[in-house]
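Dear colleague,

Please find below the structure that I am handing over to you. A written account of what was found in it follows.

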Amino acid sequence: MNSLQKQHLILIGFMGTGKSTVARQLSRQLELPFFEMDEMIVQEQGMEISNIFQEKGEAYFRDLETALLKKLLQEGKGILSCGGGIILRDENIQAMKKHSTVILLTAKPETILKRVQHNQSRPVLNGKKNIDDITKLMKEREERYHMTADILISTDGKSLSQICEEIADMITK
Ligand code: S3P
């Protein structure tokens with residue numbers, strides 16, 4: 001069975017690896033519905049992610065994230081772009097592995113820093129927008145990203161169309 005015959009395609013990876021952009025483009029190419037989990041949480045809560053973290057706490061956000069993931073996995077086939085912290089909970093990893101093909105996007109800390117530097121919407125990176133802290137957080141999460149993924153795509157130096165072509169090639173094999 002190739003990956004497209006499985007129920008969902010899920011994009012995971014560290015903040016700033018381009019999950020949403022790639023997922024949106026793939027959804028056009030493959031003509032599948034696209035779900036951006038962070039955007040859905042913001043809509044549902046009527047609050048920005050940074051405000052949810054600040055006013056309700058990270059655990060509250062992680063509960064919303066897990067509940068939404070489980071709900072989306074029960075629905076029809078689609079392409080899901082997850083927040084970078086989706087791999088922090090074992091139950092999320094198990095649910096993703098069971099119901100979908102998981103694509104991990106990676107990028108060097110230098111690339112990540114360039115992409116997130118002027119963005120204030122990522123509370124996890126508050127006060128950590130430097131190579132050392134990004135490298136440290138990436139290392140802490142690395143094993144969980146890798147144990148979840150079926151497919152690994154490095155994005156450094158590649159265009160959006162190159163990345164999507166690589167993914168399309170791998171999932172149709
Ligand atoms: C987070 C990543 C964010 C968002 C939240 C927490 C994380 O999503 O879910 O700020 O812990 O890595 P992106 O990866 O889309 O930035």
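**A loop residue after the first helix**

Glu31 is placed in the loop that links helix H1 (19–30) to strand S2 (34–36). Please note that this is a predicted model. Although Glu31 is not a glycine, its phi is positive, at about 55 degrees. Its relative accessibility is 70%, so Glu31 counts as exposed.

**The chain as a whole**

The chain contains eight helices and five strands. Read from the N terminus, these elements follow the order β-α-β-α-α-α-β-α-β-α-α-β-α. The radius of gyration is 15 Å, close to the 16 Å that the globule rule gives for 173 residues, so the chain is as compact as a globular protein of that length. Along the principal axes, the C-alpha atoms fill a box of roughly 45 × 35 × 25 Å.

Of the 173 residues in the chain, 46% are buried. Among contacts with a separation of 6 or more, 72% are between residues 24 or more positions apart. The chain exposes about 8900 Å², and carbon and sulfur atoms supply 48% of that area. As for charge, there are 24 positive and 24 negative side chains. The centres of these two sets lie 1 Å apart.

**The loop between S5 and H8**

Two residues of this loop deserve a description, beginning with Thr155. Thr155 lies in the loop between S5 and H8. Is Thr155 buried or exposed? With a relative accessibility of 1%, Thr155 counts as buried. Its side chain reaches the backbone oxygen of Thr106 at 2.8 Å. Not counting residues up to four places away in sequence, Thr155 touches Thr17, Leu105, Thr106, Ala107, Arg115 and Ile163.

Asp156 belongs to the loop between strand S5 (151–154) and helix H8 (160–171) as well. Which residues does Asp156 contact, leaving aside its neighbours within four places in sequence? They are Thr106, Ala107, Lys108 and Thr111. A polar atom of the Asp156 side chain lies 3.0 Å from the backbone nitrogen of Lys108. Asp156 and Glu110 are 46 residues apart along the chain, and their C-alpha atoms are separated by 9.6 Å. Thr106 and Ala107 thus appear in the contacts of Thr155 and in those of Asp156.

**Helix H6 and its packing**

Thr111, one of the contacts of Asp156, is a buried residue of helix H6 (residues 109–116). Pro109, Ile112, Leu113 and Val116 are also buried in this helix. What do the buried residues of H6 pack against? They pack against helix H7 (131–148).

**A buried arginine in helix H4**

The last residue to report is Arg62, which is found in helix H4 (residues 58–74). The relative accessible area of Arg62 is 8%, and since buried means under 20%, Arg62 is buried. Leaving aside neighbours within four places in sequence, Arg62 is in contact with Phe53, Gly85, Leu88, Arg89, Val124 and Arg141. Two arginines, Arg89 and Arg141, are therefore among the contacts of Arg62, a residue that is itself buried.

With kind regards

Conventions: Residues are numbered from 1 along each chain as its sequence is written. This is a predicted model: local features need pLDDT of at least 70, side-chain atom pairs count only at pLDDT 80 or more; totals for chains, interfaces and linings use all residues. Side-chain values use heavy atoms; hydrogens and water are left out. Helices (H or I, at least four residues) and strands (E, at least two) are DSSP runs, numbered from the N terminus. The radius of gyration is taken over C-alpha atoms; the globule rule is 2.2 Å times the number of residues to the power 0.38. Buried means under 20% relative accessible area, exposed over 50%, partly exposed in between (1.4 Å probe, protein chains only). Contact means heavy atoms within 4.5 Å. Accessible areas come from the Shrake-Rupley method with a 1.4 Å probe; for residues, only the protein chains shown count as cover. Lys and Arg count as positive and Asp and Glu as negative; His and the chain ends are not counted. The place of a charge is taken as NZ of Lys, CZ of Arg, CG of Asp or CD of Glu. A polar contact is a pair of N or O atoms within 3.5 Å; within protein, one must be able to donate a hydrogen and the other to accept it, and residues adjacent in sequence count only if both atoms are side-chain atoms.
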